[in-house]
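Biologist: Got the model open? I'd like to go through a few of the labels and hear what backs them up.

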Amino acid sequence: MPNLTKREIVLKVAEETPSLRQAEVVSIIQKTLDHITDALAKGQNIEIRNFGVFEVVLRRSKPGRNPRRPEVDVIIPARAAVRFSAGKVMRERVLHLTEKLKNKK
C-alpha cells in the first residue's frame, strides 16, 4: 500500500467539503499540524479523542556500536522523543488488517 500524503488528504477533504477551497484546506491542515508540533515542542501532550495521544517522552541514554567500527562503544545520549498511542476507534479500525499483514510475510 502506498503512503498517504498531506496533499492527498487535502484533496480528499476539499472534495468532501465543497464550501472550502483547496487553499483553505491546505491552510487549516498546516495550521493544525503546526499547533500540534508547537505544543509537543513545549512538552505538552496532545489528546485527540478516538484518534490517539501524542506524548513527549525522554529516551534514556544507551550504549551503541558503529557498524564500521564495532570494537568501539559509543554512548547514544538521552533525548526527547514523541510517542503515539492509538485511540480506541483507531485501534479497532486497524485491527482488521492483522490477517492481511500476517499473510503478506
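Biologist: Why is Asn50 called exposed?

Modeller: Its relative accessible area is 53%, and exposed means over 50%, buried under 20%, partly exposed in between (1.4 Å probe, protein chains only). So Asn50 counts as exposed. Keep in mind that this is a predicted model, where local features need pLDDT of at least 70, side-chain atom pairs count only at pLDDT 80 or more, and totals for chains, interfaces and linings use all residues. Residues are numbered from 1 along each chain as its sequence is written, and side-chain values use heavy atoms, leaving out hydrogens and water.

Biologist: What is the phi of Asn50, and where does Asn50 sit?

Modeller: Phi is near 65°, positive although the residue isn't glycine. Asn50 is in the loop between S1 and S2; strands are DSSP runs (E, at least two residues), numbered from the N terminus.

Biologist: Phe51 lies in the loop between S1 (46-48) and S2 (52-59) too. What makes Phe51 partly exposed?

Modeller: Phe51 has a relative accessible area of 35%, which falls between the two cut-offs, so partly exposed it is.

Biologist: And how do you know that Ala81, in strand S5 (residues 79-86), is buried or exposed?

Modeller: Ala81 comes out at 9%, and that's under 20%, so the label is buried.

Biologist: What does Ala81 touch?

Modeller: Glu55, Val56, Val57 and Arg59, not counting residues up to four places away in sequence; contact means heavy atoms within 4.5 Å. The C-alpha atoms of Ala81 and Arg59 are 6.7 Å apart, with their positions 22 residues apart along the chain.

Note on methods. Helices (H or I, at least four residues) and strands (E, at least two) are DSSP runs, numbered from the N terminus.
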